[in-house]
Amino acid sequence: MTAKKAVPAQDASALIDRRIEDLGDWRGKALAKVRALIHAADPQVVEEWKWMGTPVWSHDGIICTGESYKSHVKLTFLKGAALPDPAGLFNSSLEGNARRAIDLHEGDKLNEAAFKKLIQSAVVLNLEGKSKPKASRAKKRTG
């Protein structure tokens, strides 16, 4: 079995551009807006295209995904349960142990400042996770 190759970042950005254009309605505008906010919150963010067509924003790990459905745009934060959300942006996938999501419906107003803070908190969490050795690797071998 061969592993799938990752889509290069430049190609991923072009695919996200195309998705926004293809949506052609409020969902495309919403996805474009959150994309701009993500880049404003973290200029080092990397755009990826995963799982056969899902826009993904990463910085030393996935920050969030941006899925589009008929009635909403879903921004899923893989480590959302560990993030502070004082503005109450998370309104979906609240029952899980790890993920949290923001469902945006037509006409919804996103608290942009709170969203940027959420993105920045997700980046910090990813960076902290990278600096901590995994328990299995941190064990000293005795021999």
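Analyst: Before we look at linings, sort the residues: Ala, Val, Leu, Ile, Met, Phe, Trp, Tyr, Cys and Pro count as nonpolar, Asp, Glu, Lys and Arg as charged, and the others, Gly among them, as polar. This is a predicted model, where local features need pLDDT of at least 70 and side-chain atom pairs pLDDT 80 or more, while totals for chains, interfaces and linings use all residues. Residues are numbered from 1 along each chain as its sequence is written, and side-chain values use heavy atoms, leaving out hydrogens and water.

User: How many cavities of 30 Å³ or more does a search of the whole structure find?

Analyst: Rolling a probe the size of a water molecule over the atoms shows where empty space is left. On a 1 Å grid over the protein atoms alone, a cavity is a set of points where a 1.4 Å probe fits but cannot get out; a pocket is an open set with protein on both sides within 12 Å along at least five of seven lines; lining residues have an atom within 4 Å of a point. Here there is 1 such cavity, and the largest has a volume of about 30 Å³.

User: Which residues line the largest cavity?

Analyst: Ile 62, Ile 63, Phe 77, Leu 78, Lys 79, Leu 83, Ala 122, Leu 125 and Asn 126. Strand E3 (62-68) and helix H3 (112-131) give two or more residues each, with H3 giving the most, 3 residues. By class, that lining has 7 nonpolar, 1 polar and 1 charged.

User: What volume does the largest pocket have?

Analyst: About 270 Å³. Its lining holds 14 residues, and the closest to the centre are Ala 30, Lys 33, Asp 108, Lys 109 and Leu 110. Helix H2 (26-41) gives the most to this lining, namely 6 residues. The classes in the pocket lining are 6 nonpolar, 2 polar and 6 charged.

How values were computed. Points joined across faces, edges and corners; volume = space filled by probe spheres on them. Helix = DSSP H or I, 4+ residues; strand = E, 2+ residues; numbered from the N terminus.
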